[in-house]
Amino acid sequence: MISMKNNVKYRIGKSTGFQALTILLACSCVVPLIFILIYILQAGLTKINWHFLTNLPKPVGESGGGIANALLGSIIIILVASVIAIPFGILCGIYLSENRKSRLAYWSRLCVDILQGVPSIVIGIVAYFWLVKPLGGFSAISGSVALAIMMLPIIIRSTEETLKLLPDSLREAGFALGLPFHRVVLKVIVPCGISGILSGVMLSVARIAGETAPLLFTAFGNPYMSFNLLKPMQSLPLLIFNYATSPYNDWHDLAWGASCILLIWVLALNIFTKLMTRKWKVQL
Amino acid sequence: MKSSVDTNLATRPSESGRVVSLKTPDTVSSTKRIKRSFRQIRAENVFRRTLIIVALAMVALVLGIMLTLIFQSTLSIKSSGLGYLWGKTWDPVRDIFGAYPFILGTLLTSFLALAISIPFSFAVAVFLGEYYPQGWFPNLLKNTVELIAAVPSVIYGFWGLAVLVPIVRSFETKIGVEPVGLGIFTSAIILAIMVIPYAASLGRSMIHMVPSNLKEAAYSLGATRWEVIRSVIFPYTKSGLFAGVLLSLGRALGETMAVTMVIGNTSLIPKSIFAPGNTMASVIANEFTEADHPVYLSALIELGLVLFLVTVVINMVGKRLVGKFTNE
């Protein structure tokens with residue numbers, strides 16, 4: 001009797017022990033993230049001022065300088081990538097949700113799955129051979145294409161999943177009124193699912209904003225201001241990579257400031273998307 | 001359109017004013033309506049065709065990626081053959097290309113990272129899926145863990161370079177190995193932090209799906225919380241948890257920037273887990289723009305091809321497992 005009581009106590013103790021361990025391990029996951037956030041904010045926020053945002057980087061040896069070219073370059077590259085990826089992604093998502101069982105949909109879905117797992121550096125290689133070589137040099141547009149390829153799976157998936165959840169009665173009501181297919185899709189289905197589609201788009205932008213690997217052999221980087229899509233262009237992640245691995249302290253300072261801006265930008269986009277999806281009650 | 005029959009159906013806009021005055025309003029609206037429905041049908045066909053073209057283009061895109069990699073690496077495949085995979089020297093100057101040091105480096109960093117991250121990600125999965133599925137704190141934890149995946153990898157790399165490398169260096173001095181700081185161990189730690197969210201979020205949703213009557217049956221037999229987790233939840237979600245680990249592995253294998261910045265970049269075979277090394281992705285990132293002759297470039301692309309194929313297989317198996325689990 002006594003031994004059984006002890007046994008029960010032992011089992012309960014073991015259970016509590018594991019619960020405590022789980023809680024401890026789970027909470028400690030967040031610790032590195034908080035460390036990184038605090039460290040980057042501390043190192044970066046002091047570097048950021050108006051001069052930093054509106055000036056070009058200075059050569060080695062001169063202190064000061066800013067990241068205006070990288071900031072603008074990032075925005076341009078991301079905008080062009082979005083212009084390429086958003087229409088394509090949404091249309092593909094519509095196809096997948098409208099033709100759930102066709103053979104083409106099966107293969108297409110498989111390809112989206114594959115593309116989602118492809119390492120970003122591989123996409124950089126491919127963009128190099130598709131655009132950089134034929135165009136005869138590194139260019140911003142090739143970087144945009146590489147990033148657009150990375151955006152596609154996220155946009156397609158979120159569009160498909162959102163549209164699938166819409167009730168068939170919506171579609172049928174449209175058809176019953178004699179609307180042609182394209183108007184049912186564009187005027188009824190897409191507006192109903194727009195919140196989910198937009199969340200997917202924002203998520204994809206947040207994901208590519210910090211991507212460096214595909215830009216290494218495409219946009220390449222450029223220490224000067226450039227607006228030409230056919231010429232190399234600087235972007236924030238590239239600047240951080242190049243300056244962080246350089247041996248100069250002045251450049252490290254620039255990289256800390258740039259990291260801080262990139263981090264705030266990406267986290268803000270992510271948190272904003274999360275709040276929006278909660279408000280719109282979207283499931284992604 | 002020019003025959004007399006057709007003019008009734010589809011009047012040209014310039015003539016429409018004259019035609020209207022000659023006809024009763026009823027027939028006019030019907031001709032207009034017919035014209036409009038023709039246009040609608042045409043637009044509908046165009047739209048359907050566009051959708052099919054887009055879906056085809058998606059397939060073509062992935063096939064194109066694969067074919068480009070294969071085609072561009074043929075030079076290296078021809079010159080080194082299968083020996084490429086276990087050739088132990090990588091010497092671009094003498095044109096000897098063996099990928100073994102990088103494959104070893106990739107496997108070491110990824111599996112070490114997995115070994116470090118699995119306890120944490122499973123703890124998060126159990127914490128959020130079983131112990132505390134609701135409430136403000138679990139919600140906060142869930143969102144924060146997801147944010148780990150959102151931080152750009154170049155920032156992880158920079159932080160690792162500035163903070164983690166000195167820590168690892170002093171740790172290495174303490175245990176008496178050569179204090180480099182940069183190396184496989186450091187990259188594995190960074191990777192471990194980065195891949196936690198993938199296994200955690202998939203594991204959480206899998207644990208959520210365990211039917212409550214199974215758990216209640218175990219409780220009614222007198223099982224403690226831990227015993228339910230170990231003998232009901234883990235066996236039931238086995239394949240799902242494994243799929244989460246596979247997704248993490250896929251991420252770790254392909255991760256480039258953070259690893260490139262802290263691994264030390266040497267083409268020698270790493271002697272221990274504290275030695276500097278290189279992964280497949282980091283070699284490509286470092287040497288691609290420096291590759292000055294075709295065989296060199298092609299050897300680097302072959303690395304990319306291997307990376308591509310491995311991650312595709314891992315992700316496909318992971319997706320299959322998840323699909324099976326959710327269908328049951």
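pLDDT is the predictor's confidence in each residue, on a scale from 0 to 100. The structure treated in these exercises is a predicted model.

**Exercise 1. Confidence in chain B**

Determine which part of chain B has a pLDDT under 50, and state how that part should be read.

*Solution.* Step 1: begin with the whole model, which scores ipTM 0.91 and pTM 0.89. Step 2: turn to chain B, where the mean pLDDT is 87 and 91% of the residues reach 70 or more. Step 3: compare the elements of chain B. Confidence is highest in helix 4 (residues 100–131), at a mean of 94, and lowest in helix 1 (residues 4–9), at 42. Step 4: locate the stretch in question. Over residues 1–22 of chain B, pLDDT stays under 50, and the model has ten contacts beyond four places in sequence for these residues. Step 5: apply the general rule that predicted coordinates should not be read in detail where pLDDT is low.

**Exercise 2. Domains and the contact between chains**

Describe how each chain is divided into domains, and state how many residues of chain A are in contact with chain B.

*Solution.* Step 1: in chain A, the assignment gives domain 1 as residues 2–45 and domain 2 as residues 50–280. The centres of these two domains, taken over C-alpha atoms, are separated by 36 Å. Five residues from domain 1 of chain A and five residues from domain 2 of chain A form their contact. On the domain 1 side there are four nonpolar residues, one polar residue and no charged residues.

Step 2: in chain B, domain 1 covers residues 4–80 and domain 2 covers residues 86–327. Here the centres, again over C-alpha atoms, are 47 Å apart. Nine residues of domain 1 of chain B are in contact with eleven residues of domain 2 of chain B. The domain 1 side of this contact comprises four nonpolar, five polar and no charged residues.

Step 3: between the chains, 62 residues of chain A are in contact with 64 residues of chain B. The chain A side consists of 46 nonpolar, twelve polar and four charged residues.

**Exercise 3. The length and course of two helices**

Check whether the length of helix 6 of chain A agrees with the expected span, and find where helix 4 of chain B bends.

*Solution.* Step 1: helix 6 of chain A holds 16 residues (120–135), and at 1.5 Å a residue it should therefore span 22 Å. Its end C-alpha atoms lie 21 Å apart, so the two values agree. Step 2: follow the course of helix 6, which has a kink of about 40 degrees centred on A:Tyr128. A:Tyr128 is also one of the buried residues of this helix, as are A:Ile123, A:Gly124 and A:Ala127. Just after helix 6, A:Gly136 takes a positive phi of about 85 degrees.

Step 3: helix 4 of chain B has 32 residues and reaches 44 Å between its first and last C-alpha atoms, close to the expected 46 Å. This helix bends by about 40 degrees at B:Ser117, and the proline B:Pro119 follows within four residues.

**Exercise 4. Burial in chain A**

Decide whether A:Ala146 is buried or exposed, and identify what the buried residues of helix 10 of chain A pack against.

*Solution.* Step 1: place A:Ala146 in helix 7 (residues 140–165) of chain A. Step 2: count its neighbours. A:Ala146 is buried because it has 30 C-beta neighbours inside 10 Å. Step 3: list its contacts more than four places away in sequence, which are A:Ile123, A:Gly124, A:Ala127, A:Pro214, A:Leu215 and A:Thr218.

Step 4: consider helix 10 (residues 194–209) of chain A. Twelve of its 16 residues are buried, including A:Gly196, A:Leu203 and A:Arg207. The buried residues of helix 10 pack against helix 4, helix 7 and helix 13 of chain A, together with helix 5 of chain B.

**Exercise 5. Positive phi in chain B**

State where B:Asp95 and B:Asn265 lie, and classify the exposure of each residue.

*Solution.* Step 1: B:Asp95 lies in the loop between strand 1 and strand 2 of chain B. Its phi is near 65 degrees, a positive value in a residue other than glycine. With 12 other C-beta atoms within 10 Å, B:Asp95 is exposed, as a residue with 12 or fewer counts as exposed.

Step 2: B:Asn265 lies in the loop between helix 10 and helix 11 of chain B, and its phi is near 50 degrees, also positive. With 19 other C-beta atoms within 10 Å, B:Asn265 is partly exposed, since a residue counts as buried from 20 upwards.

Methods
Residues numbered from 1 in each chain as written. Chains lettered and ligands numbered in written order. Predicted model: local features only at pLDDT ≥ 70, side-chain atom pairs only at ≥ 80, totals over all residues. Helix = DSSP H or I, 4+ residues; strand = E, 2+ residues; numbered from the N terminus. Expected span 1.5 Å × (residues − 1). Bend = angle between axes of the 7 residues up to and from the residue. Contact = placed C-beta atoms within 7 Å. Nonpolar A, V, L, I, M, F, W, Y, C, P; charged D, E, K, R; others polar. Domains from an automatic or database assignment.
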